[in-house]
Amino acid sequence: MALLELEEVRAGYGPTSVLHGISLEVPEGGVVSLLGANGAGKTTTLRAITGGVRWTGDIRFRGHSLRRMATEEIVRRGIAHVPEGRGICTELTVDENLRLGSHLRRDGPEVKKDYDRVFEYFPVLKQRRRLSASTLSGGEQQMLALARAFLMRPKLMLLDEPSLGLAPIIVRSIFEIIRSINETSQVAVLLVEQNARIALDLSMTAYVLEVGRVAVHGAAAELRGDDSVRRSYLGY
Amino acid sequence: MNLQRIRMAPPRYWLVGVVVLFLIGFPTVISSFLASEWAQALILAIAIMGLNILVGYSGQLSLGHGAFMALGAYISAILAHHYKVDYLLTIPIAGLATGLVGFLFGIPALRLSPLYLALATFALAVVTPSLIKRPAGLTGGVQGIGVVQPDPPGAVSNIFSTITGTAMTSDQWIYYVSLFCALVLFWVAWNIVRHRPGRAMRAIRDGEVAAAASGVNVRGFKTLAFGLSAFYGGVAGSLYGLSTGFVSPDTFPVSLSIQLLVGAVVGGLASIPGPLAGAIFAYFLPIESSQWVPNQSWIPAQIAATVKNAGPAVSYGVILIVIMIFAPNGLVGLARSGYSLLNRRLRGATDRETGQMPPDPQTV
Amino acid sequence: MQEFLQQLVGGLAIGGIFASLALALVLIYNAMGLVNFAQGEMAMLATFVAYALVSQGMSYWIAFPVTLVLAFAGGIGVQRLVIKPVERAPILTLVIITLGLATLVNGLAGFIWGYVPRSFPSPFSSDSVDLVGVFVSYRDLGVIAVSGIVLLAVYLLLQRTTVGLTLRAAAHHPEASRLLGVHVSWMLALGWGLASAVGAVSGIMVAPILLLEPNMMQSIIIYAFAAAVLGGIESPPGAVVGGLIVGVTINLAGAYLPFVGGDLQLAVGLAIIIGVLILKPNGLFGRAAVRRV
């Protein structure tokens, strides 16, 4: 039984249908990429998982169906979702944003350890703790979003386009940190990315979406190596 | 108007005709006192129509409509009392003056967000009685000013006695004056709404930015709406003074503005018949809840006593909340959906009428 | 000079009352973008509840917190029953509903207790005390102290506790908060409860001065609107500062401007509202519209 299973999921917004039967799996501790062009349904898939959009089919997390569950409940079961646009609370300080990540946890000493890890990964967050989150640059906000998600100590992280709008050097360092989080803390990652190359470098398996359906899927290594797949679907 | 057009007129027009005839004939069969009550209901309908133009059609929420009524009432009373102007003449004067004030008021109002406008007009409504009391020399202060109710003119009185066999009272004459004003003003409103100003206002209500982008003069129409709304309020206030026989600061408390809003909402915003339905509701609810309800033997004594003692405020409040939650389009909205529902059932709705697309025979 | 200082202290006292009610308005505005026109009437009802408790023999300083708890519960009840069903309706619909609520609560109080004004006890004696050469009444000092404590408590709750943090997050960033496990819907109810309790304080403090009757809060709410608008409708500290400024202003205006007198003080409140909205719509501490994510 995989950590996360989607079975024939259909979803849409009002009369417009976006997903036409998606099936995918994320194994425990695994890293899975969701690739494809704009409008293919990648963000909608993540939204469906955390209850932001109505869906039919089945979505199971740790064996339990997430049907009809409120977003807050789903998140409390161990899924952290960093949405498009990062969802930073700009009315609050950096520290307050981080505290929102850890506010549900009861394991005090572990929380402290995780804060130390976070500040190791992202020293700039420690420097700007007391400042309003609105003063952070794009890259720093992405770090904050990631740090906040990590502090939730989730079993699964959903990351929506973490590289969007960031300079390549920052993207590389962020992806290094994602890898580190995945390897040391066994947090599974479902990654939506337009930058297919860097996503495939990080992942074990990948699914390529096209117009709401899974067009291709398989081990990341194979997809990386397959020229036709790369050219038709991944644009490089 | 040729017979063809009369026969082709939609059922709505027949209904309006019936209602108008009914209202004209009404005083001949009811007591003079009841006529004066219905006059006040009609006056309220005029005020509510004004509020409806502002809130329902142009989307600006004003909670201070009572202040416009107060202004119109006092202008008329002062002109009649201090300057001996014939009262009926003061009605259009008061209306126009109040309309001008409203128009000017609409200019700074353009800068306020809807919430702030509601807030500022609410504050105005609360302060109005205090503002009236101050210039006591002019307004008569707390005592107010008495209004002499005119006798019906000879010709009209004769017609009335011929029909009913009794002499016409002042109250009945005032009823007809109010009815006349109401008919004229409703007709004017109907025309405004049907033509360009109405369309412009509705476009503004539904989305200012889009309206402006389509070339609608947003500022002009919004201030026009304020001016018109105030005009109606002023006329209503003036008639109100006539109908009650006096004006005083206590006649225009904030609860009047609330009553007008209740009437507008319950009747149905953005509709022409709405203000009439709403006025009848808003005016008669307090009266009936303290008189009619306790006298009905089929209503359990407990409930009747509670309704009577709790007074109109509780009923107003509950009804306002319930309507906004369940029927935001008011009585007229309910009537319309009920009518179209019935219509579809009776005529045996086909797929086409319920909005489904029929299968297109040409596609494969 | 003596008299000026006395009027100043009196202004601060009444300003504390305005500040409490204004803070309640700001809390709800922050949570939903709505001005609760029924806030004053809800405070009045809470004060009547306090009155009932004290009349039954409960000591003032026990009835006070009990009333706040009941007001808190009442606020949550109102949010769940009346506001939640129409959460997604346009703002004007919500405004009209709060007006309906105001009318309803006013009528309810009138129905239960009638319209005859009653005297309401104050725990502070009406004597004056000599403070650095100025005679100020214990009552004014007491009101200032109580308002100050309540406002401080709310500040600490919002800024220093986790609950306060989640409240603020849910108010300003509902979608993002859901993704962090915050029960946004409960937070909204909590916000209403908190606002109701804070508003109740203003009612209890003002009742000994104005005499308790259903229409007691009608002018206070206008001053509270003025305070909230002056301070910036989104700013809790603004509500406090605004309240104090409005309180001092109307007191001094009533005392020193001959044409204002007692009854036109309310017009001063109106003038403040209109003046601020025209000259500086965001108030002293407000910012331009905040985007909510």
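**Chain C and its partners**

Visitor: Among the elements of chain C, which has the lowest mean pLDDT and which the highest?
Guide: Happy to start there, keeping in mind that this is a predicted model. At the low end of chain C's elements sits strand E1 (residues 128–131), with a mean pLDDT of 75. The highest mean, 95, belongs to helix H2 (residues 39–55) of chain C.

Visitor: What pLDDT does chain C average?
Guide: Let's take the residues first: 97% of those in chain C score at least 70. Across the chain, the average pLDDT is 88.

Visitor: And which scores does the model have for ipTM and pTM?
Guide: These two go with the model rather than with one element. The pTM is 0.85, and the ipTM is 0.90.

Visitor: Which element gives the most to the side of chain C that touches chain B?
Guide: Good one! Here 36 residues of chain C are in contact with 35 residues of chain B. On the chain C side, helix H4 (91–113), helix H9 (217–231) and helix H11 (265–279) each supply at least two residues. The one that gives the most, with 16 residues, is H4(C).

Visitor: How many residues on that side of chain C are charged?
Guide: Sorting the side that touches chain B by class gives 26 nonpolar and 9 polar residues. The charged count is 1.

Visitor: Turning to chain A, how many charged residues has its side that touches chain C?
Guide: In this interface, 17 residues of chain A are in contact with 17 residues of chain C. Helix H2 (71–76) and helix H3 (94–102) of chain A are the elements giving two or more residues to chain A's side. By class, that side has 6 nonpolar and 6 polar residues, and the charged ones number 5.

Conventions. Residues are numbered from 1 along each chain as its sequence is written. Chains are lettered from A and ligands numbered from 1 in the order in which they are written. This is a predicted model: local features need pLDDT of at least 70, side-chain atom pairs count only at pLDDT 80 or more; totals for chains, interfaces and linings use all residues. Two residues are in contact if their C-beta atoms, placed from the backbone, lie within 7 Å. Helices (H or I, at least four residues) and strands (E, at least two) are DSSP runs, numbered from the N terminus. Ala, Val, Leu, Ile, Met, Phe, Trp, Tyr, Cys and Pro count as nonpolar, Asp, Glu, Lys and Arg as charged, and the others, Gly among them, as polar. pLDDT is the predictor's confidence in each residue, from 0 to 100.
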